[in-house]
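Dear colleague,

Please find below the structure that I am handing over to you, followed by an account of what was found in it.

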Amino acid sequence: SFLIIGFSQGLTSGFAVITAQRFGAGDMDGVRKSVTSGILLSAGITVILTAVSVPLARPVLRLMQTPDNILDDAYAYIVVIFAGIGASVMFNLLSNIIRALGDSRTPLLFLAVACVLNVGLDFALILWCSMGVAGAAVATVISQVVSGGLCILYMIRRFPVLRLRKRDWLPERKMLWNDARVGLPMGFQMSIIAIGSMILQIALNRLG
């Protein structure tokens, strides 16, 4: 889970760097182009991550030597998280865009709302709907979708520059490359920490 979340955080932070540069230069067309490029790249990477991670969820848990008595619960949780990768990428991308335009307080507020909502949904889905461990994962995904939706509404009202036009969605190779050149290394950098944690978890799992 942290591998995916960390990668999406690093990736979208890199995309937002280009947006911040364009905004600082007063290039509003460049801001919109950067945002749409980030959205298109995020969508494509989300499809790839989801298509790879969902079918590999159980084999990876086996590879990590997850104890048999918690394997099914672990799978029930992680497969929902992987299926909802798009929600995590959406919130991280939009919140980083808002930060790139100079507002770091509002994304933190939306994150706090998501945390409170997540806890409330945990109680509702686990205790009242008897969804078990999977309910915790569903609560996480729903709260991320809600926080992403709040970001969209806020961006439309607060930043007129982000009211995207049809021509803004025409991909430019140079802008796509600039976003990928910064975003992908930052995503992989964040993933290194998660990979180290997974290796440690494998060692711990061997202890029973």
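By class, 19 nonpolar and 7 polar residues line the largest pocket, with no charged residues in its lining. Please bear in mind that this is a predicted model. The volume of the largest pocket is about 620 Å³. Among its 26 lining residues, Ser1, Met64, Ile78, Phe82 and Met198 are the closest to the centre. Two or more lining residues come from each of α1 (2-24), α2 (28-63), α3 (68-83) and α7 (173-205). The largest share is that of α2, which supplies 7 residues.

The second largest pocket has a volume of about 260 Å³. It is lined by 17 residues, of which Gln9, Phe91, Asn92, Leu111 and Gln144 are the closest to its centre. The elements that contribute two or more residues here are α1, α4, α5 (105-128) and α6. Helix α4 gives the most, with 6 residues. The lining of the second largest pocket comprises 5 nonpolar, 11 polar and 1 charged residues.

I turn next to the packing of α4 against two other helices.

The axes of α1 and α4 lie 8 Å apart, and the two helices pack at an angle of about 30°. Since angles under 35 degrees count as roughly parallel, α1 is roughly parallel to α4. Their crossing is right-handed. On the α1 side, the contact is made by Ile4, Ile5, Ser8, Gln9, Thr12, Ser13, Phe15, Ala16, Thr19, Ala20 and Phe23, which meet Ile85, Ser88, Val89, Asn92, Leu93, Asn96, Ile97 and Ala100 of α4. These residues divide into 11 nonpolar and 8 polar, with no charged residue. Gln9 and Asn92 thus appear in this contact as well as among the residues closest to the centre of the second largest pocket.

Helix α4 (residues 85-100) also packs against helix α6 (residues 133-158): their axes come within 8 Å and cross at roughly 30°. These two helices are therefore roughly parallel to each other as well. Here α4 passes α6 in a left-handed crossing. The α4 residues in this contact include Phe91, Leu94 and Ile98, and those of α6 include Gln144, Gly148, Gly149 and Tyr154. By class, the contact of α4 with α6 has 12 nonpolar, 6 polar and no charged residues. Phe91 and Gln144 take part in this contact and are also among the residues closest to the centre of the second largest pocket.

Yours sincerely

Terms used: Residues are numbered from 1 along each chain as its sequence is written. This is a predicted model: local features need pLDDT of at least 70, side-chain atom pairs count only at pLDDT 80 or more; totals for chains, interfaces and linings use all residues. Side-chain values use heavy atoms; hydrogens and water are left out. Axes are lines fitted to C-alpha atoms, for helices over the stretch in contact, and angles run from 0 to 180 degrees between N-to-C directions. Helices (H or I, at least four residues) and strands (E, at least two) are DSSP runs, numbered from the N terminus. Angles under 35 degrees count as roughly parallel, over 145 as roughly antiparallel, 65 to 115 as roughly perpendicular and the rest as oblique. A crossing is left-handed if the near helix is turned anticlockwise from the far one by less than a right angle, and right-handed if clockwise. Contact means heavy atoms within 4.5 Å. Ala, Val, Leu, Ile, Met, Phe, Trp, Tyr, Cys and Pro count as nonpolar, Asp, Glu, Lys and Arg as charged, and the others, Gly among them, as polar. On a 1 Å grid over the protein atoms alone, a cavity is a set of points where a 1.4 Å probe fits but cannot get out, and a pocket is an open set with protein on both sides within 12 Å along at least five of seven lines; lining residues have an atom within 4 Å of a point. Grid points are joined across faces, edges and corners, and a volume is the space filled by probe spheres set on the points.
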